[in-house]
Amino acid sequence: MEYVSPEGLRLDGRRPMEMRQIRAEIGAVSKADGSAIFEMGNTKVIAAVYGPREVRCEYSMANFSTGDRMRKPKGGDRRSTEISLVIRQTMEACILTHLMPRSQIDIYVQVLQADGGTRSACINAATLALADAGIPMRDLVTSCSAGYLNSTPLLDLNYVEDSAGGPDVTVGILPKLDKVTLLQMDSKLPIDILENVMQLATEGCKAIANYIREVLLENTKQLEYRRGV
Ligand code: UDP
């Protein structure tokens, strides 16, 4: 199957190095200490944070998030357990836990619509929700994936591209500290291409970090405006 046309366009019309449209909204769950919705194209997730209390994370996919693609396995869902752990460890890298001894932070992330890249979208939503909850962080953590199909590195794979069975490299970074905090890969990739694909995913993470900073700044301005500061 052709995932990149001779004109250099992907199935959803994007250029190889183009990310999907991103959108974020802070404060979607009024009962939580912090919350956010994060969308990457048709992937839509929600994060709610309670705390500070030890960092825990629970990832789940809404039954309606994938249509008939979603099968809930009996006796536990290994994928959700793995993704919960990955997100928890990634978020722990940015939270200044030593400032909150004997305390616990609960991060609930739920996929409302799944179209590839849900773990990245959840990390981005969790970062915003943590910031919204006023949890002290050493940096933002942002995530994006990149793949390699038809000999072309592709940024931010959607479900159809992800299902092609090619490599899917998910990267998480601490943008200000210039550190990688998450690196996961499915399938296989020629070694000499790995750096290119990782670089592309990292650029995606940086673009998301810039967007998240803008959203947080705008949110702070609105709060100050409402308080009459
Ligand atoms: N997916 C699905 N049903 C499932 C699990 C996954 O439809 O039970 C789809 C969903 O679109 C997801 C994609 O497969 O985004 C890729 O899943 P993967 O495990 O690679 O994680 P993700 O890319 O979402 O972080």
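Which residues point one way from β2, and which the other way? Select β2, residues 34–40, to find out. G34, A36, F38 and M40 point one way, while S35, I37 and E39 point the other way. Both sets are buried. In a regular strand the side chains alternate between the two faces of the sheet. Keep in mind that this is a predicted model.

**The whole chain**

Zoom out before going on. The chain holds 4 helices and 9 strands. Starting at the N terminus, the order of elements is β-β-β-β-α-β-α-β-β-α-β-β-α. Along its principal axes, the C-alpha trace spans about 55 × 45 × 30 Å. The radius of gyration is 18 Å, which agrees with the value near 17 Å for a compact globule of 229 residues. Of these 229 residues, 43% are buried.

**Back to β2 and its partners**

Select β2 again. The strand is mostly covered, with 7 of its 7 residues buried. Now add β1, residues 22–26. β1 and β2 pair in the antiparallel sense, over 5 bridges. Next add β3, residues 43–50. β3 also pairs with β2 in the antiparallel sense, over 7 bridges.

Click on A36. Which residues stand across from A36? I26 stands opposite A36. In β3, the bridge partner of A36 is A47.

Follow the chain from β2 into β3. The two strands form a hairpin with 2 residues between them. Stop at G41 in the turn, where phi is positive, about 60°.

**A loop residue: A32**

Step back to the loop between β1 and β2 and pick A32. Is A32 buried or exposed? A32 counts as buried because 21 C-beta neighbours lie inside 10 Å. Show its contacts next. Not counting residues up to four places away in sequence, A32 touches A48, V49 and Y50.

Now draw a distance from A32 to P16. The two are 16 residues apart in sequence. C-alpha to C-alpha, they are 38 Å apart in space.

**Helix α2 and the core**

Select α2, residues 118–132. This helix has 15 residues. From first C-alpha to last it reaches 21 Å, close to the 21 Å expected at 1.5 Å a residue. How many of the residues of α2 are buried? The count is 15 of 15, so the helix is mostly covered. Just past the helix, look at G134, which takes a positive phi of about 75°.

Now colour the largest nonpolar core, which has 61 residues. The residues with the most contacts inside this core are A47, I87, M91, V109, C122, A125 and A126. The largest share of the core, 9 residues, comes from α2. In soluble globular proteins, nonpolar side chains tend to be buried together.

Centre the view on C122. Leaving aside neighbours within four places in sequence, C122 is in contact with V45, A47, Y59, I87 and V109. You have met A47 before, as the partner of A36 in β3.

**Helix α4**

Go on to α4, residues 191–227. Its 37 residues should span 54 Å at 1.5 Å a residue. The end C-alpha atoms are 54 Å apart, which agrees.

Highlight the buried residues of α4: V197, L200, A201, T202, G204, C205, I208, A209 and I212. What covers them? The cover includes β1, α2, β6 (142–149), β7 (152–155) and β8 (168–174). Then look just after the helix, at G228, which has a positive phi of about 75°.

**Last stop: the loop between β6 and β7**

Select N150 and S151. N150 is found in the loop between β6 and β7, and S151 lies in that loop too. Check the backbone of each. N150 has a positive phi of about 45° although it is not a glycine. S151 is not a glycine either, yet its phi is positive, about 60°.

Which is partly exposed, and which is exposed? N150 is partly exposed, because 14 other C-beta atoms lie within 10 Å. S151 has 8 C-beta neighbours inside 10 Å, so S151 counts as exposed.

Methods:
Residues are numbered from 1 along each chain as its sequence is written. This is a predicted model: local features need pLDDT of at least 70, side-chain atom pairs count only at pLDDT 80 or more; totals for chains, interfaces and linings use all residues. A residue is buried if 20 or more other C-beta atoms lie within 10 Å of its own, exposed if 12 or fewer, and partly exposed in between; C-beta atoms are placed from the backbone. Two strands pair if DSSP finds at least two bridges between them. The expected span of a helix is 1.5 Å times one less than its number of residues. A nonpolar core is a set of buried Ala, Val, Leu, Ile, Met, Phe, Trp, Tyr and Cys residues joined through C-beta atoms within 7 Å. Two residues are in contact if their C-beta atoms, placed from the backbone, lie within 7 Å. The radius of gyration is taken over C-alpha atoms; the globule rule is 2.2 Å times the number of residues to the power 0.38.
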